[in-house]
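Reader: I have a model open and want to know how to go through its features. Where should I begin?

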Amino acid sequence: MAVDNVRYRIGKSKGFRALTFVFAIACMVPLTAILFFIIRAGITRINWHFLVNIPRPVGEKGGGIANALVGSVIIIALASVIAIPIGILAGIYLSENRTGRLAYWCRLAVDILQGIPSIVIGIIAYFWLVKPLGGFSALSGSAALAIMMLPVIVRSTEETLKMLPPSLKEAAFALGMPFHRVVLKVILPVGISGILSGIMLSIARITGETAPLLFTAFGNPYLTADITAPMQSLPLLIFNYATSPYNDWHDLAWGASMILLLWVLFLNIFTKLISAKWKVQL
Amino acid sequence: MPTSLPAPAISTPAVRDTVNIRRRIRRAFRQIRTETVFKQALVISGLLLVILVLGILLTLITQSVPSIRLLGFRFIWGSTWNPVKDVYGAFPFLLGTLLTSFLALLISIPFSMAIAIFLGDYYPTGWFASLLKNAVELIAAVPSVIYGFWGLAVLVPMVRGLEVRLGMQQPLGVGIFSASLILSIMIIPYAASLGRSMIQMVPGHLKEAAYGLGATRWEMIRHVVLPYTRSGLFAGILLSLGRALGETMAVTMIIGNSSILPKNLFAPGNTMASVIANEFTEADKTVYLSALIELGLALFLVTVVINIIGKKIIDRLTND
């Protein structure tokens, strides 16, 4: 009787172990399915022509996504220019001020920013920039994406700088260096790897964002570099063409999806390698 | 030689020192000024973040005032959404959001908890563990528009097949169930990675004590690990829920975009986020636009509260 009971308990334990394994491994299935499917569907569409041409009207074969590639690069570059300085400065502020009222509110603000649904940020950018400027523009899209980048950069900067040994800073102060030189010449160079990986993660995060661009950058079937005009971006193109009824446009969207997916995966894996090499904790 | 007269006077040691000292003092003052400016820049950028969040809240509130004033509580309980006739009842969207999010959560919890236990207790190290860990993080990295596109091409036909087999009247494929499925994949990483780090923090002596009393591995997990990490796992699930509530693009592409109150789980519907994405640029009337922004405000408040609660739980756990 007792042996039976023990056998039952061991069997139950093994059963749950097997169940855990099955469920855990099952999570890899959708990821591999998505990677496989997108790459299989996208790889045949990608060639030189695809990268340097703009989309053709419905019914005409061919066409490419040059406008979306250029647009994405411009929008992201502009967003980085806005977000990186503010993000790093705020991160330094938080790491220097562990306590205090403003630091508390600032930390709370970062947590809130991290959780805001991206569509709400689109609404905000619409009212802050699109309406006052009188039209959809790449600039407003960049601002929306910059808001999304901020919390990631602030967090990674703060966490990286917090982990540096205080002796480093004290040594620099003991030499009579002023605060800004201690930060710029000692603290930032030492923590640069962590900050860089934060920046890259934030870029990876915003590259795929569509919702904030819907009513800001809006999309544009033509190639443009004018940041006050509507501009196409990769995720916008995928959304618009994937939900259209035309097969030619679906093809463009598959190609664009593959490029977007590979770029995001590349950024993530590259960041991971950097942080593994420099032992950064994110 | 009148011009060369002052030269020897300057080069006396005493004069040289005063010039040097004066120069040094000037430099020190300049450094101090830069230091102050730098410190102010830090404070300003910190303040900027606070102002940004307050500004977002304020903009949402002021812009949704027309709708709040005109519609009041009818907005929440009204089940008809017909902008052409100026009828704005957001109940179908509230229901759509709650249904998709909680269904997605229900589907994803077994998977995310399995990953958390697998990586936290059974196999914390090893090549397969790091492969699984990275794969789970990549799930979070894939852009939502790609989930949407893949869902349209692969998941929707599968769900349509299921609906045909169930003998449904209109097998559409798109609908609340499909949206929940895609959402459930997308939110796995949030609960899984937090759960893993929480389970890894369980002290070894507690586990060993359980083994010492003759517990099997499952009994140890069930009676030591899970109770010990209960609030951490809960926080992870909250973060997942926050993600699911605010997720826009994948849901918009798959849910079918119907403003009619959904009759069953397979019916097409709309969530708060998807209706904003679909109709914001078409909203030509002040009340219409304002009603959409009120949805955004509700979304903002709900996700903020959920995220802050989750964050507070995590902070308390990691500080102890």
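Author: Begin with contacts: two residues are in contact if their C-beta atoms, placed from the backbone, lie within 7 Å. Keep in mind that this is a predicted model.

Reader: In chain B, what share of contacts between residues at least 6 apart in sequence join residues at least 24 apart?

Author: The share is 73% in chain B.

Reader: Which secondary structure does chain B have?

Author: Chain B has 13 helices and two strands. Its radius of gyration is 30 Å, whereas the globule rule gives 20 Å for 320 residues, so chain B is more spread out than a compact globule. The C-alpha trace of chain B spans about 115 × 70 × 35 Å along its principal axes.

Reader: How much of chain B counts as buried?

Author: Of its 320 residues, 45% count as buried.

Reader: How should I read an interface?

Author: The size of an interface is often given as the accessible area lost when the parts come together. Here, residue counts serve: chain A contributes 67 residues to the contact and chain B 68 residues. Helix α1 (residues 2-26) of chain A supplies the largest share of the chain A side, eleven residues. That side of chain A divides into 51 nonpolar, ten polar and six charged residues.

Reader: And how is chain A divided into domains?

Author: Chain A has domain 1 (2-43) and domain 2 (48-277). The C-alpha centres of these two domains of chain A lie 35 Å apart. Their contact takes five residues from domain 1 of chain A and five residues from domain 2 of chain A. On the domain 1 side, four are nonpolar, one is polar and none is charged.

Notes:
Residues are numbered from 1 along each chain as its sequence is written. Chains are lettered from A and ligands numbered from 1 in the order in which they are written. This is a predicted model: local features need pLDDT of at least 70, side-chain atom pairs count only at pLDDT 80 or more; totals for chains, interfaces and linings use all residues. Helices (H or I, at least four residues) and strands (E, at least two) are DSSP runs, numbered from the N terminus. Ala, Val, Leu, Ile, Met, Phe, Trp, Tyr, Cys and Pro count as nonpolar, Asp, Glu, Lys and Arg as charged, and the others, Gly among them, as polar. Domain bounds come from an automatic or database domain assignment. The radius of gyration is taken over C-alpha atoms; the globule rule is 2.2 Å times the number of residues to the power 0.38. A residue is buried if 20 or more other C-beta atoms lie within 10 Å of its own, exposed if 12 or fewer, and partly exposed in between; C-beta atoms are placed from the backbone.
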